[in-house]
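Colleague: I'm new to this one. Could you take me through its salt bridges?
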Amino acid sequence: MADAASQVLLGSGLTVLSQPLMYVKVLVQVGYEPLPPTLGRNIFGRQVYQLPGLFAYAKHIVKVDGRAGLFKGLTPRLCSSAIGTVVHSKVLQRYQDAEQAEPGASKKEPVSSLEQVLKETSREMVARSAATLITHPFHVITLRCMVQFIGRETKYSGTLSAFTTIYREEGILGFFAGLIPRLLGDILSLWLCNMLAYLINTYALENGVSMAEMKSYSQAVTGFFASMLTYPFVLVSNLMAVNNCGLAGGLLPYAPTYSSWLDCWSQLHKEGNMSRGNSLFFRKVPAGKRYVWEERRFR
């Protein structure tokens, strides 16, 4: 119980600290560009036109809404983080309790490292999926609270009232908009990360005390690599969560009404926008597109 409480507190602290970053990221993912490109230098020192990065974008939000504006959508996100942490730990605890309750659990033969990785990854997949499924309504509300910045709406002004609004206008399914690509992305990222880490630790690194630290780093490296590969699922999920919900950021000119998440994926792929919002630094101007000041976007 104490471990779960400490995890909730730690998760809540990280959620608060990362809120401005996520806020900017979501607005960029939608395609909202309130500031025109400026002439700057890339990482190689060459002069190029760049889009505003994280700090310039955040400064613009503060100018419009004050410092508190950077924390729009924080309440439902905190709820999502806390509930998700509890559900995740409870599911894993159930697995442990069931394993210990099995007859002869203490006399079981040791399993291979691969079998252990497969078992632990499968359990982690179930735990994460359960947490994502239960907390997704809060995730949808968080995203819609953030996207309101574009049209200056106040439709989703509170967590409880947002639940009522979504249920009245979209029914139960409205709470799970964008769920499928989010689940697929999480599952693919988890398996890619764990299997790549296993392969590196088993075949690329030698055993020994001196390599223990390297093995811990391999998990972080493979996690970053897996998240890069599965980023399109995150983008599509977030766009589907706000698409055609009555907010300016989910309607034309920012996005057409997508018939499904596959339609959204197809449209983004055709436009070359599958990585939009993936980086908030050294942002390049989209090739072949021009900035439209009246619409605050590229087309």
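Modeller: Let's start in helix 4 of this predicted model: arginine 128 and glutamate 124 sit 4 residues apart there, which puts about one helical turn between them.

Colleague: Why is the contact between arginine 128 and glutamate 124 called a salt bridge?

Modeller: The closest N and O atoms are 2.9 Å apart. The cut-off is within 4 Å, so the pair qualifies.

Colleague: What makes glutamate 124 buried or exposed?

Modeller: Its relative accessible area is 16%. Buried means under 20%, so glutamate 124 is buried. Arginine 128 has 36%, which lies between 20% and 50%, so arginine 128 is partly exposed.

Colleague: How do you know that glutamate 99 and arginine 123 form a salt bridge?

Modeller: Same kind of check: their closest N and O atoms are 3.5 Å apart, and that is within 4 Å, so the pair counts. Glutamate 99 belongs to helix 3 and arginine 123 to helix 4, so this bridge ties together parts 24 residues apart in sequence.

Colleague: And what ties glutamate 33 to arginine 283?

Modeller: A salt bridge, with the closest N and O atoms 2.3 Å apart. Glutamate 33 is in the loop between helix 1 and strand 1, while arginine 283 is in strand 3, so the pair links parts 250 residues apart in sequence.

Colleague: Why is glutamate 33 called buried?

Modeller: Its relative accessibility is 5%, and the limit is under 20%, so it counts as buried. Arginine 283, at 8%, is buried too.

Colleague: How many salt bridges does the count come to?

Modeller: The count is 8.

Definitions and conventions: Residues are numbered from 1 along each chain as its sequence is written. This is a predicted model: local features need pLDDT of at least 70, side-chain atom pairs count only at pLDDT 80 or more; totals for chains, interfaces and linings use all residues. Side-chain values use heavy atoms; hydrogens and water are left out. A salt bridge is a side-chain nitrogen of Lys or Arg within 4 Å of a carboxyl oxygen of Asp or Glu. Helices (H or I, at least four residues) and strands (E, at least two) are DSSP runs, numbered from the N terminus. Buried means under 20% relative accessible area, exposed over 50%, partly exposed in between (1.4 Å probe, protein chains only).
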